[in-house]
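Reader: I have a structure to look at and would like some help reading it. Could we go through it together?
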Amino acid sequence: MDRKLTWYIFAGMVLGVAVGYAVHVGVAADSPMFEYITKTFKLLSDIFLNLIKLLVAPLVLSTIVVGIAHMGDSSALGRIGVRALTWFITASFISIGLGLLMVNLFQPGIGAPIPEAAEAAKMVGEVKKLDAWEFTLSIFPKNALEALATNNILQILVFSVFAGVALSAIGEKGAALVRGSEALAEMMLQITGYVMRFAPVAVFGAIAKVVASSGLAILGTYFELLVEFYASLVLLWIILLTMGWVFLRGKIWQLIRYIREPLLIAFSTASSEAALPKMFEQLDRFGVPRRISGFMLPLGYSFNLDGSMMYMSFATLFIAQAYGIELSITTQILILLTLMVSSKGIAAVPRASLVVITGTLAQFGLPVEGVAIILAIDQFLDMGRTATNVVGNAVATSVITKWEGMLEVPEPAEMELPHAPHDTPEHGKRGLDLPVGE
């Protein structure tokens, strides 16, 4: 199953487009049947995403605790953190700056369809302001169980770092907890293997729902924006992979091969979280020790969203162009710096990119209702930027591992996971207190 998963996911995407389009043209959008079908499509993807969310909190907690406890040297944690933040800040400037450059070059906003102001305000809805002070406070958990229950990755990261350093400090007294965390991490990765068997069905449901609701005609309306945004993402991929090649050399292409399944899952579901458990597993196989990936990936998913940052700069200037507003170079540089600060930690905020874009538009006197222009096509844009986030974090984690001199010999990209015992000679009767002969 694991060896064929990539092809199954790709088949789910293609089938989802075909079935979704058939529903869009064959079933009236205002009919009860259309509602039942789209709800069923959504159910398929929601089941998968719920199962993934089930894994995230215990996997992140156990992985970070074990990684830091085995690191042995708390100064190494600080060194890795400084190197990680240096990489994240550099990649952020490149992503936001490239977005501004490409949107100025292509100017896709000129001639974009502008909705009525009242309709636009209704589409955008009320978006909660992103407050820097509230966000900073929200990083630090007041209840570890609450952080785990709500899947707040930043708060789980903070608690796990404290727990890992403390277990390292108390030594043998905490050995049982470290072993328990190791077993928990392995169990979560084993469950990930089970959940991934449902991924092609979830991908089918996610794509079919979008196409059934929006149709393919909307791609024609926003064709220029889609092509130019995805061309910009391709250029960002080239830059990120080139930066990775400086450290990893030929292994950078091997890395892409290892993470192709998390990439497809992220692209088709438009959810970075959905790709996280599989990303841990594939980076393990690539040779990244868990003590590095366990710290880097949760941090990266909060502070290193390269695709999302490019999208925010691209979208902000796209809206200004749509309304015919000229922005000076100085203003654009200020927008870059604003996005650089306000985009950090957005993973924990619902509709995060929309929140940051709306706040930036308001701050620079640009029409906030302009967000409605991109809402219709946002799902298709989100797919590309989410896949880019996965690439950025995979490259960052692998580079920091190589920088630390800890990159290990890779295992095969596809490996058969352990199977639970079944089809025993007793045909399942063991444990039922039944004679074997019956």
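Author: Happily! One term to start with: a polar contact is a pair of N or O atoms within 3.5 Å, and within protein one must be able to donate a hydrogen and the other to accept it. Keep in mind that this is a predicted model.

Reader: Thanks! Which backbone oxygen lies 2.6 Å from a polar atom of the side chain of Thr 269?
Author: Let's place the residue to begin with: Thr 269 is found in helix H13, which covers residues 260-269. A polar atom of its side chain lies 2.6 Å from a backbone oxygen, and that oxygen belongs to Ile 265.

Reader: Is Thr 269 buried or exposed?
Author: Setting aside neighbours within four places in sequence, Thr 269 is in contact with Leu 49, Ala 206 and Ala 274. A residue counts as buried under 20% relative accessible area. Thr 269 has 11%, so the word for it is buried.

Reader: What is the distance between the end C-alpha atoms of helix H20?
Author: Helix H20 runs over residues 378-403, which makes 26 residues. At 1.5 Å a residue they should span 38 Å. The model agrees with that, since the end C-alpha atoms are apart by 37 Å.

Reader: How many of the 26 residues of H20 are buried?
Author: Across the protein, buried residues make up 52% of the 438 residues. Helix H20 is largely enclosed by the rest of the structure, because its buried residues number 23.

Reader: And which residue just after H20 takes a positive phi?
Author: Look just past the end of helix H20 for a phi of about 70 degrees. The residue with that positive value is Gly 405.

Definitions and conventions:
Residues are numbered from 1 along each chain as its sequence is written. This is a predicted model: local features need pLDDT of at least 70, side-chain atom pairs count only at pLDDT 80 or more; totals for chains, interfaces and linings use all residues. Side-chain values use heavy atoms; hydrogens and water are left out. Helices (H or I, at least four residues) and strands (E, at least two) are DSSP runs, numbered from the N terminus. The expected span of a helix is 1.5 Å times one less than its number of residues. Buried means under 20% relative accessible area, exposed over 50%, partly exposed in between (1.4 Å probe, protein chains only). Contact means heavy atoms within 4.5 Å.
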